[in-house]
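Got the viewer open? Let's take a walk through some charged pairs and a couple of cysteines, one selection at a time.

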Amino acid sequence: MTAVLFVCLGNICRSPSAHAVFRALVASEGLEDKISIDSAGTAAWHTGNMADDRARSVGRLRGYDMDDLRARQVTVLDFDAFDYIIAMDQNNLQDLQALAPASYAGHLALMLDFSGKDSGEVPDPYYGDITDYEHVFELLEPAATGLLAHIRDSHNL
Ligand code: 4NP
């Protein structure tokens with residue numbers, strides 16, 4: 001199994017959205033038994049909560065059901081469990097780099113590094129409106145495609 005963890009700050013907006021987009025793609029390519037997926041937040045504020053209503057409603061309109069997802073905080077044990085730890089923004093990446101054991105041999109990267117056209121950060125939509133949530137999905141969809149292509153290439157899947 002190749003294990004992929006998506007990480008943002010709260011684990012209620014961007015990373016559950018990335019989780020839902022990526023798992024739909026993995027399922028559409030019949031790779032559920034080869035790639036496992038989870039998401040987490042660098043902060044613990046929303047532990048146990050469902051994804052934000054706005055993320056869930058925008059996601060649902062685009063065909064992604066994320067009602068089963070519950071927020072949790074990333075832990076140092078995640079570096080043992082996940083081959084790819086994918087951050088939404090530079091703050092998430094820096095927090096993960098600070099937590100990572102020196103021995104971590106997996107891949108710590110920004111989500112939009114896998115996007116053909118965009119690079120940089122998936123902006124935090126929490127204090128924004130519904131259009132900011134739509135923008136998150138517009139950024140995540142091509143990046144998820146690029147990430148899956150990268151994993152398929154790297155692992156001969
Ligand atoms: P996320 O968005 O990191 O994409 O889940 C946020 C969710 C909650 C908060 C900030 C960002 N918050 O401040 O509670």
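## Charged pairs and cysteines

Searching the whole structure turns up 11 salt bridges. Keep in mind as you click around that this is a predicted model. As general background, side chains with opposite charges can pair when their charged atoms come close.

**Stop one: R23 and D68.** Select these two and show their side chains. They meet in a salt bridge, N to O, at 2.7 Å. Now look at where each one sits: R23 belongs to helix α1 (residues 14-28), while D68 is in the loop between α2 (53-61) and α3 (78-81). The partners are 45 residues apart, so this pair links distant parts of the chain. Switch on a surface if you like: R23 is partly exposed, at 25% relative accessibility, and D68 is partly exposed as well, with a relative accessible area of 47%.

**Stop two: R152 and E29.** Next, select R152 and find E29. Their closest N and O atoms are 2.4 Å apart, and the two form a salt bridge. Which parts of the chain does this pair tie together? R152 lies in helix α5 (residues 130-155) and E29 in the loop between α1 and β2 (35-41), so parts that are 123 residues apart in sequence are tied together here. R152 counts as partly exposed, with a relative accessible area of 27%. E29 is also partly exposed, at 36% relative accessibility.

**Stop three: R72 and D78.** Move on to R72, which forms a salt bridge with D78; the closest N and O atoms are 2.9 Å apart. Are the partners buried or partly exposed? R72 is partly exposed, with a relative accessible area of 23%, whereas D78 counts as buried at 6% relative accessibility.

**Stop four: a network.** Select D53, R56, R60 and D67 together. Salt bridges that share partners join these residues into one network.

**Last stop: the cysteines.** How many disulfides are there? The count comes to 0. To see this for yourself, select C8 and C13. C8 is in no disulfide, and its nearest cysteine sulfur, that of C13, is 6.8 Å away. A disulfide needs sulfur atoms within 2.5 Å, so this pair does not qualify. As for surroundings, C8 is buried, with a relative accessible area of 2%. C13 is in no disulfide either, its nearest cysteine sulfur being that of C8. C13 is buried too, with a relative accessible area of 5%.

Technical notes. Residues are numbered from 1 along each chain as its sequence is written. This is a predicted model: local features need pLDDT of at least 70, side-chain atom pairs count only at pLDDT 80 or more; totals for chains, interfaces and linings use all residues. Side-chain values use heavy atoms; hydrogens and water are left out. A salt bridge is a side-chain nitrogen of Lys or Arg within 4 Å of a carboxyl oxygen of Asp or Glu. Helices (H or I, at least four residues) and strands (E, at least two) are DSSP runs, numbered from the N terminus. Buried means under 20% relative accessible area, exposed over 50%, partly exposed in between (1.4 Å probe, protein chains only).
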